[in-house]
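Here is a report on pockets, a cavity, strand pairing, ring contacts and cysteines. The structure comes first.

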Amino acid sequence: MTTEPLRAAGAVVWRGPEERPEVALVHRPRYDDWSFPKGKPHSGEHLIATAVREVAEETGLGVLLGRALPPVHYRKGDRVKRVEYWVARALGGEFAPSDEVDELEWLPPDEARRRLTYDWDAALLRSLASAPLTTQPLVLVRHGNAGSREAWTGADDLRPLDPEGVAQARTLAQVLPAYRPALLVSSPSKRCVQTLLPYSADITLEPLLSEHEHDPADTAALVRELTLPAVVCSHGPVLPGLIADLSGASVHLRKGTFAVLHRSGGRVVRVERYSL
């Protein structure tokens, strides 16, 4: 018998002015309950992509993903189910009833808390007010696996992704639509560019993000100026210092991992780390 938890993902979707938001609740006729949109991942699907897809399928809404909320755990039969949730700002769309979800209601948080069927969902609303709702994402990616530096005989900047790194790049391409980046910036190294290519070929190359030409102060100043949602791909020796300079957090990124820095009012209010 497996002890691994069942996994799912969803979002607390909000709209309106931040000081008076409304959140989206869905009614599932099969269970006759009110909850937040969520669902199980498809095979090989990153949970961030699952959350955005499930919101779209159950509510018809497109969203911009914000900061993560505490995961929810509950029993489902003889297994524990773990549901990852994020704050998500509604960007438009139209609800259409289905057999899975037949009603959607927008409610202020206090009313939503009373309407929700499960206490664990209501607890998410307390976390909603712990940081700003409106944030700008900055996604900092360490390139995917690229084999051994010692085994590569050419110039190191030309070292490509290996098969595992190629798979990580494809997974990243699933994830990035959740953050709707306006700009992709990369070290000129081939392995960095290849990490972003499955998502878009519109990539700005920046030597200050390379291993050999980065300067801690200048690189941080460059990235700090990226005020729109952006993705930055760089290297192990560059990223920890960059993250520390921008946020004060100590974050190590393995190859094929990324950090999301959520910014509000010129400061970083949350740092999250994910694997691909």
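## The largest pocket

Helix α1 (47-59) gives the most to the lining of the largest pocket, with four residues. This is a predicted model. The pocket holds about 590 Å³ of space. Its lining counts 25 residues. Arg28, Tyr31, Lys38, Lys76 and Lys81 lie nearest the centre.

Strands contribute as well. The elements that give two or more residues to this lining include β1 (6-15), β2 (22-28), β3 (33-35), β4 (38-39) and β5 (61-76). By residue class, the lining of the largest pocket divides into 14 charged, eight nonpolar and three polar.

## The second largest pocket

About 230 Å³ of space lies in the second largest pocket. Which elements give two or more residues to its lining? They are β8, α6 (216-224), β12 and β13. Gln136 and Leu138 are part of the lining. So are Val223, Arg224, Thr227 and Leu246. The run Arg263, Ser264, Gly265, Gly266, Arg267 and Val268 completes the list.

The classes here are five polar, four nonpolar and three charged.

## The enclosed cavity

How many cavities of 30 Å³ or more does a search of the whole structure find? The search finds one. The volume of the largest cavity is about 60 Å³.

Two elements, β5 and β6 (79-93), give two or more residues to the cavity lining. The lining residues include Trp14, Leu64, Leu65 and Gly66. Val87, Ala88 and Arg89 also line the cavity, as do Leu133, Thr134 and Thr135. Six of the lining residues are nonpolar, three are polar and one is charged.

## The six-stranded sheet

Six strands form an open sheet with mixed pairing. Their order is β10-β9-β11-β8-β12-β13. The edges are β10 (204-205) and β13 (267-275), each pairing on one side only. Strands of a sheet pair through backbone hydrogen bonds, either parallel or antiparallel.

Strand β8 covers residues 136-142. Is this strand largely enclosed or open? Six of its seven residues are buried, so β8 is largely enclosed by the rest of the structure. Strand β8 pairs with β11 (residues 230-234) in the parallel sense, over five bridges. Within that pairing, Ser234 in β11 is the bridge partner of Arg142. The pairing of β8 with β12 is antiparallel, over six bridges. There, Pro137 stands opposite His262 in β12.

Strand β12 (residues 257-264) also joins β13. These two run antiparallel, with eight bridges between them. Val260 stands opposite Glu272 in β13.

## Aromatic pairs

The count of aromatic pairs is five. One of them joins Tyr74 and Trp120. The ring centres of Tyr74 and Trp120 are 4.4 Å apart and their planes lie at 5°, so the pair is stacked. This pair links distant parts of the chain. Tyr74 sits in strand β5 and Trp120 in helix α3 (residues 119-128), 46 residues apart.

The two rings belong to residues with contrasting accessibility. Tyr74 counts as buried because its relative accessibility is 15%, under the 20% cut-off. Trp120 is partly exposed, at a relative accessible area of 31%. Ring pairs also bring in Tyr118: Tyr74, Tyr118 and Trp120 form a cluster.

## Cysteines without disulfides

How many disulfides does the structure hold? The count is zero. Why is Cys192 not bonded to Cys233? The sulfur of Cys192 lies 4.0 Å from that of Cys233, its closest cysteine sulfur, so the distance is too far for a bond. A disulfide needs the two sulfur atoms within 2.5 Å. Seen from the other side, Cys233 is in no disulfide, and its nearest cysteine sulfur is that of Cys192.

Are these cysteines buried or exposed? Cys192 counts as buried, with 0% relative accessibility. Cys233 is also buried, at 0%.

Terms used. Residues numbered from 1 in each chain as written. Predicted model: local features only at pLDDT ≥ 70, side-chain atom pairs only at ≥ 80, totals over all residues. Heavy atoms only, no water. Buried < 20%, exposed > 50% of the residue type's maximum accessible area, 1.4 Å probe, protein only. Pairing = 2+ DSSP bridges. 1 Å grid on protein atoms, 1.4 Å probe; cavity = no way out; pocket = protein on both sides within 12 Å on 5 of 7 lines; lining within 4 Å. Points joined across faces, edges and corners; volume = space filled by probe spheres on them. Nonpolar A, V, L, I, M, F, W, Y, C, P; charged D, E, K, R; others polar. Phe/Tyr/Trp six-rings, centres within 6.5 Å; stacked < 30°, edge-to-face > 60°.
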